[in-house]
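Me: I have some questions about a structure. Please go through them with me one at a time.

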Amino acid sequence: MLTNTQRIGLTLFLIGFALFVGSLSLSRYQLTDAVLTSTVKKEQLAAVESATSGMQGTVYGSAFGFVSDFKSAIAKLNDGYKARNEKDKIINDDYAFPVTKAASIGFFPDNSLLFFCLSLLLCVGGALLYIIPKKRQLPGIKNNGVFHNPATNRGWIGIVIGSFLIGFYVLLYFYPEYLTNWVLMFDPLSRLLNGGPASQWFVYGTLYTLAILVMGVRMLVKYRGNPYQQIRTVSVMFFQTCFAFLIPELLSLFNQPAQDLKNMWPLDYSFYFDYRLDQKIQAGTFGLFLLVWGTALWLIGVPVMTYFFGKRWYCSWVCGCGGLAETLGDPYRQLSDKRLVAWKFERVVVHGVLVFAVVMTVAVLYTYVSGQSALFGFLDSYSLRSGYGFAIGSIFAGVVGTGFYPVMGNRVWCRFGCPLAAYLGLVQRFKSRFRITTNGGQCISCGNCSTYCEMGIDVRWYAQRGQDIVRSSCVGCGVCSAVCPRGVLNLENDDETNRMPAINPILLGNDGIRVNV
Amino acid sequence: MKHIIIIGNGIAGITTARHVRQQDDSARITVISAESEHFYSRTALMYIYMGHMTYEHTKPYEDWFWKKNRIDLVRGYVGEVDTGAKRIRLIDDTWLDYDALVIATGSVSSTVNWPGLDATGVQGLYGLPDLESMEHHTRDIDRAVVVGGGLIGIEMAEMLHSRHIAVTMLVRDTHYWSSTIPAEEGELIGRHVRQHGVDLQLQTELNEILADDNGHVRAIVTTDEREIACQFVGLGVGVTPNVSFLKTSGIELGKGVLVNEYFETNIPDVYAIGDCNEFRAPIAGTDGSPRKAIEQIWYTGRMHGETVAQTLCGNRTAYQPGVFFNSAKFFDIEYQTYGTMNARLAEGEKTYYWEHPNGQQCLRINYAAKGEGVVGIHAFGLRLRHAVCERWIREHRPLPEVLSQFQQADFNPEFSENYTDQLAGKAPPRKSWLQRLF
Ligand SMILES: Cc1cc2nc3c(=O)[nH]c(=O)nc-3n(C[C@H](O)[C@H](O)[C@H](O)COP(=O)(O)OP(=O)(O)OC[C@H]3O[C@@H](n4cnc5c(N)ncnc54)[C@H](O)[C@@H]3O)c2cc1C
Ligand code: SF4
Ligand code: SF4
């Protein structure tokens, strides 16, 4: 039951959120020469100016009209070039986003800082007011009402949130020109941190970090009494704030290649792309360090750390995708699919993505070294990488990965799509000291563990047979152990040889039967 | 082809079916049950009500499992067993022939003949129909009374509490669960339950249930003549074997179906396992301690099933339980027990008791006065390693050795407070900044 403070918190949050989303519609747009001069390349300026001359003087009430007029003007221009066979003049630059941003006029752009402070303050403050009063309850994990609540049982609130997230990701990746007002709001913060104006990625990064921090506090409150959960939550909050957010911004402030030092190939699939290699080579010693560090991380760090601690060291302690899943996504962990068919599907898809990532990277490097675009004469590295970027990088990781939290659970991407998770999982499965120990015969088959396993592992299947759980997909979040009402499960790193003992069909406690196994 | 019919798809019946199939590919296996189409975990009933899970989540095996393993499921109620003709009659008058019959029909909630018992909104909790009726009768109510100081009573209290229904718990004795745990532990649980806002009334018994004009419960009266208003009464006064349908079958009954250590009844090829049986002669665990004649817990149901499956597959095997173990959870406090732990110390036994200063965790080890060999261990708010506790008890390791090596039995999650030092009298460590903040 909500306390009054919580009600106030929720109300403030909703107001702040409405303000934030509503702000997208608050600008008017006017195309002027000044706007074009500041955004369009010199050699294309004259052409763009004349193509869009019809728009000049018009004040658009919404981004939709403005963007559509602008895009059709450019398309018409390009059509002309095509017809006249002037291929070299065709404009491939995406001007819609910078032009729309620069063309914003009116009350909002002048007061965007006010909107920024007000909406974020209300959102964050309101959320904390909602979360923190739960501290007064006694420690102990309360999943009361999870399957009665339309926000967490795939009910209408979940569908609304999911649709919002999907819409957000589609705009972010493919139509950022409709998000320019947010970018305007974040300009001051961006200038403060990295010296330049904000991009939609800066907005995304900041919101992402805020989500992890605020929902991280929720985790700290919810899992009071379970230090493992609390400590790993602090860890993901730390790595997101410092490694994923602050350090790269500061690096670019000092004109260094911005790199998230904890992210690694193949999750960071563009790590070996030509422009990023060039950027590092140009940056001299520091760039070289980044290259070596990034390579050592997956080549040496992954096998060594995973051998000792299991893949959890990365997936539920360090990773940014994991960080979001474990904080913002925690309310949805019970929605993962536990069926055997889902596991079969998962193995094919996630390892398929790993193969795709490796082949794509090899092809890209081959092109980089040899100058030839086709590997083996038929694998075109440019289409491979753009295909990967679109299908895996944008659709899978973003739109599906996060957008479907409220429908398919919080680890859709990590489970089905992440090539790094697949790689870590192979190490965990075949060469690691990590396992989840089952406590003798104490399981009552209640199903809490399986239900709350975000990776869709049917933990109970193993627990009720007294078998230790060694699964490549387990991210070691420890929630199965936390929610087990009988103390059956424990995450342990121990001697590698004893983690998969021969399975005795008769569980501990029944001495009458001796079975030869 | 041998046809094995199992009545009851609970843990006992299903374990039998699975183990028979593992060893015998050809036997025809039919499991008949009235309550549900598929096996579900009875122990998870409370979590369905509390919204932690749905009914689907409580099924330990996916629905395709049964077909794949050729275990035929029949939904129906067995009204009669005709042991002479080796057949059973379902309530819809179909007859099924068996070569071997396993009775695994579980329990029913017990009641005491209180006046007013038939008022609506008064019930126990054993199966899915009870859950449904509880769901129905507790919608939009704000006061409930739970009668009984056992495991199901406290689960009902927690269930109601999760729905923000004020709960009064009536417990006959001076502390909670006095039939099984000593006073310190009973008080620890009592404190915890009260902290949650449950009105725990000790040394209080139910005398009468009062109904309103519509026949719906409106209050209860205690033996000391206090009236407590409520709209729901949960009865948690124990369970009894579900064997009434066998009265005319010729199968010998005590409280439960009487069996020997092979689970054989007085009729050949008829076996009884799980909650519903009763041993004619007492059985002892391998640690030498006697077991109850009627064992009504999940784990023993499973062990009965594992054992009788051997016999059904031609390898006649006596039931030989090991060191006793059990577990439960009281709101947020987990409980595990191993070996023999009586509420009152037995002759010739001594006890070691440690309680954390937070008053929410404790450990008790009972040991023989002579030789200090450990006979039983239980813990509240701590997780212990089953295999280690079992070994210590089986080998009667002396108390000082057990205490000094207690680390081995620690099964708490990583980063939990190290309490094993405190067993030797050290002060608890200071709280970390995280614990102080949250
Ligand atoms: C709420 C609750 C919580 C519990 N928690 C725990 C716990 O934490 N730990 C623990 O150890 N134990 C616990 N128990 C006890 C445990 O669940 C039982 O001991 C165990 O389920 C018994 O299993 P069984 O297979 O013998 O019978 P059951 O599970 O009762 O199965 C018997 C089945 O047979 C069916 N049946 C009966 N008669 C007929 C008939 N004539 N025809 C057709 N079908 C019939 C019934 O409908 C039922 O489905 C709990 C019990 C309850 C009610
Ligand atoms: S098995 Fe347990 S630790 Fe592993 S991912 Fe699932 S819930 Fe987390
Ligand atoms: S939560 Fe614990 S008791 Fe329940 S099924 Fe899982 S391991 Fe078994």
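Reply: A definition comes before the questions: Ala, Val, Leu, Ile, Met, Phe, Trp, Tyr, Cys and Pro count as nonpolar, Asp, Glu, Lys and Arg as charged, and the others, Gly among them, as polar. The model is predicted.

Me: How many charged residues does the shell around ligand 2 have?

Reply: Ligand 2 is surrounded by residues of chain A, including Cys453(A), Cys474(A), Cys477(A) and Cys480(A). Ile436(A), Met455(A), Ile457(A), Val459(A) and Val475(A) are also among them, as are Gly476(A) and Gly478(A). By class the shell has nine nonpolar and two polar residues, and the number of charged residues is no more than none: there are no charged residues.

Me: Which residue in E5(B) stands opposite Val81(B)?

Reply: Strand E4 (residues 78-82) and strand E5 (residues 87-90) of chain B run antiparallel and are joined by four bridges. They form a hairpin with four residues between them, and in the turn Lys86(B) has a positive phi of about 50°. Opposite Val81(B) stands Ile88(B).

Me: What area is buried between chain A and chain B?

Reply: Chain A brings 64 residues to the contact and chain B brings 66 residues. Carbon and sulfur atoms give 52% of the buried area, which is about 5300 Å².

Me: Which residue of chain B meets Arg312(A) in a salt bridge?

Reply: Between chain A and chain B there are four salt bridges. In one of them, at 2.9 Å from N to O, the side chain of Arg312(A) meets that of Glu414(B).

Key:
Residues are numbered from 1 along each chain as its sequence is written. Chains are lettered from A and ligands numbered from 1 in the order in which they are written. This is a predicted model: local features need pLDDT of at least 70, side-chain atom pairs count only at pLDDT 80 or more; totals for chains, interfaces and linings use all residues. Side-chain values use heavy atoms; hydrogens and water are left out. A residue is near a molecule or strand if one of its heavy atoms lies within 4 Å of it. Two strands pair if DSSP finds at least two bridges between them. Helices (H or I, at least four residues) and strands (E, at least two) are DSSP runs, numbered from the N terminus. Contact means heavy atoms within 4.5 Å. Buried area is the accessible area (1.4 Å probe) that two parts lose on being put together, summed over both.
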